[in-house]
Amino acid sequence: MTRTIPYVHSGRLTGSYREYVVDPPKFLARQRARHGELFRFRIGHRHLIYLERAEWVQHVLHKNHANYIKSLAYRKLRLLLGEGLLTSDGGAWKRQRQVIGPAFRRERIRDYFALMTDFTERMLVRWRGHDRINLNDEMRHITLQIVTKTLLGVESQRSLDIIRHQLPLALRYVLDRVSSPLPLPTYLPTPKNLRFRAAMRDMHGLMQEIVSSRGAAEANDVLSSLLNGIHTIEPDAKAQPRTLREQVLTLFVAGHETSAIALCWTMHLLGRHPQVLAKLRSEVRSNLRREPPSMEELAALPYTAQVLKESLRLMPPIWLMARESLGTDQLGKHKILPGDILTICPYLMHRSELYWSEPGRFYPERFDSNRGADIAPYTYFPFGGGPRLCIGNNFAMLELQLLLTRIVQCYDFELETTHHPGVEFSLSLRPRNEIWIRLRPVDTRAISSTFESTRMH
Ligand code: HEM
């Protein structure tokens, strides 16, 4: 027998928008306590279904993924990203994944690792002249440098500046349109529309320059894979330059802020849990020599990996995902109809008492497989799941491990302010305010002298 999905009633025209927008997870958790693991709610004219059961998440993201496409919010992102890997569906998405996938395989990531190390060392040297740093800025800067070099083979300051300034502006514009109940048409010459167009012009100009100057696609970066496979993604030669731009922008958007945020939260959590930080330090310093670690040495630091996993559990940078149902489907006794939009919240699933003991506690040991840690499928999915699993997950984990290890190896750090920076539940889970940390070099000889000349940006 089919059961009706409980509905969160709201007398207002905007539905539950007012309660939701103040603190989305709080709103969802409150309704979850009242209505159970599946309920409907309305934000403006949009009807949404929230679900919070691991087997249903697995069903939607994995087992019956063919019935689901990215929802309207992702489609609105197309204004910025076109039909790139993050925002496309069906055959177009499959062709892109086939072409781009190999650029993120382990053997290719090995090549990127040398570049990651190079940028990390420069950052550590730059920090030597500073006793305090703004973590948000520093992590955004290093992850942007890494992604720009590994994606495009570019490290010029001008390219970084264009992306650093114009990308957040364009992204903010699109996100405002996603959340606005009545966005003004994009063709009107409003100041916001004009600023967005200028930002897009600058970024497209830059992408075009980089692609044209590449000539033969011989380099070992993601752009080379794209250039080699562009005919598979887009057979129409006239549309290819645009497709290339969209793919590269997608990787920028998906690939740099997520890692930066993960590092900010990890360092923040460590700053607030000195005993975890002490254990991490001890693992890093007793196992590594002074030099930057190899990939194999990093893989032999289990506690470091557990710390990162635990941080991604409590503060998953992508805290909410959504899918639209193409046909009729069944979740338990509940019927899902074509057009229904399902929302899945890793942030709340990762903190559910049903799946985790002491879910609010920062306790990396819970990921220790030697202690019989048994994480059931789809109770932990910071990188999503099924065929749309994050393409950059191995890349990201390696980047996070390297940066965290090297920072801990070379510096003692503590939070400058102990109050919580607050959380912004936007497209990603950003710290609302700046996080400053105080630094003290542990062993100046451990900080590579190769990059002595690098200055603070
Ligand atoms: C800690 C860092 C990261 C986190 C937590 C993260 C998380 C995610 C999640 C949850 C998804 C799935 C979204 C959905 O199914 O709706 C996703 C997709 C994606 N991610 Fe990541 N990501 C990270 C780093 C990266 C990096 C470094 C790159 C690339 C350089 C990247 C590129 C992508 C792309 C292209 C997709 C779309 C894949 C597809 O639909 O086929 N991500 N990411």
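Domain bounds in this tour come from an automatic or database domain assignment. The model itself is predicted.

**Stop 1: the two domains.** Select residues 1-81 together with 319-349 and colour them as domain 1. Then give another colour to domain 2, which covers 87-318 and 369-456. Each domain is therefore built from two stretches of the chain, as the assignment gives them. Taken over C-alpha atoms, the centres of domain 1 and domain 2 are 28 Å apart.

**Stop 2: where the domains touch.** Contacts link 26 residues of domain 1 with 26 residues of domain 2. Stay on the domain 1 side and select helix H2 (24-35), helix H3 (54-63), strand S3 (68-70), helix H4 (72-76), helix H5 (78-81) and helix H16 (346-349); each gives two or more residues to the side that touches domain 2. Which element has the largest share of this side? Look at H3, with five residues. By class, this side of domain 1 holds 17 nonpolar, five polar and four charged residues.

**Stop 3: the ligand.** Now centre the view on the ligand, which has 23 residues around it. Select Gly-255, Thr-258, Gly-384, Cys-390 and Gly-392, the residues that come nearest. Next, show helix H12 (240-272) and helix H17 (393-410), the elements that give two or more residues to the shell around the ligand. H12 gives the most, with seven residues. Finally, colour the shell by class: 15 residues are nonpolar, six are polar and two are charged.

Methods: Residues numbered from 1 in each chain as written. Predicted model: local features only at pLDDT ≥ 70, side-chain atom pairs only at ≥ 80, totals over all residues. Near = placed C-beta within 6 Å. Helix = DSSP H or I, 4+ residues; strand = E, 2+ residues; numbered from the N terminus. Nonpolar A, V, L, I, M, F, W, Y, C, P; charged D, E, K, R; others polar. Contact = placed C-beta atoms within 7 Å.
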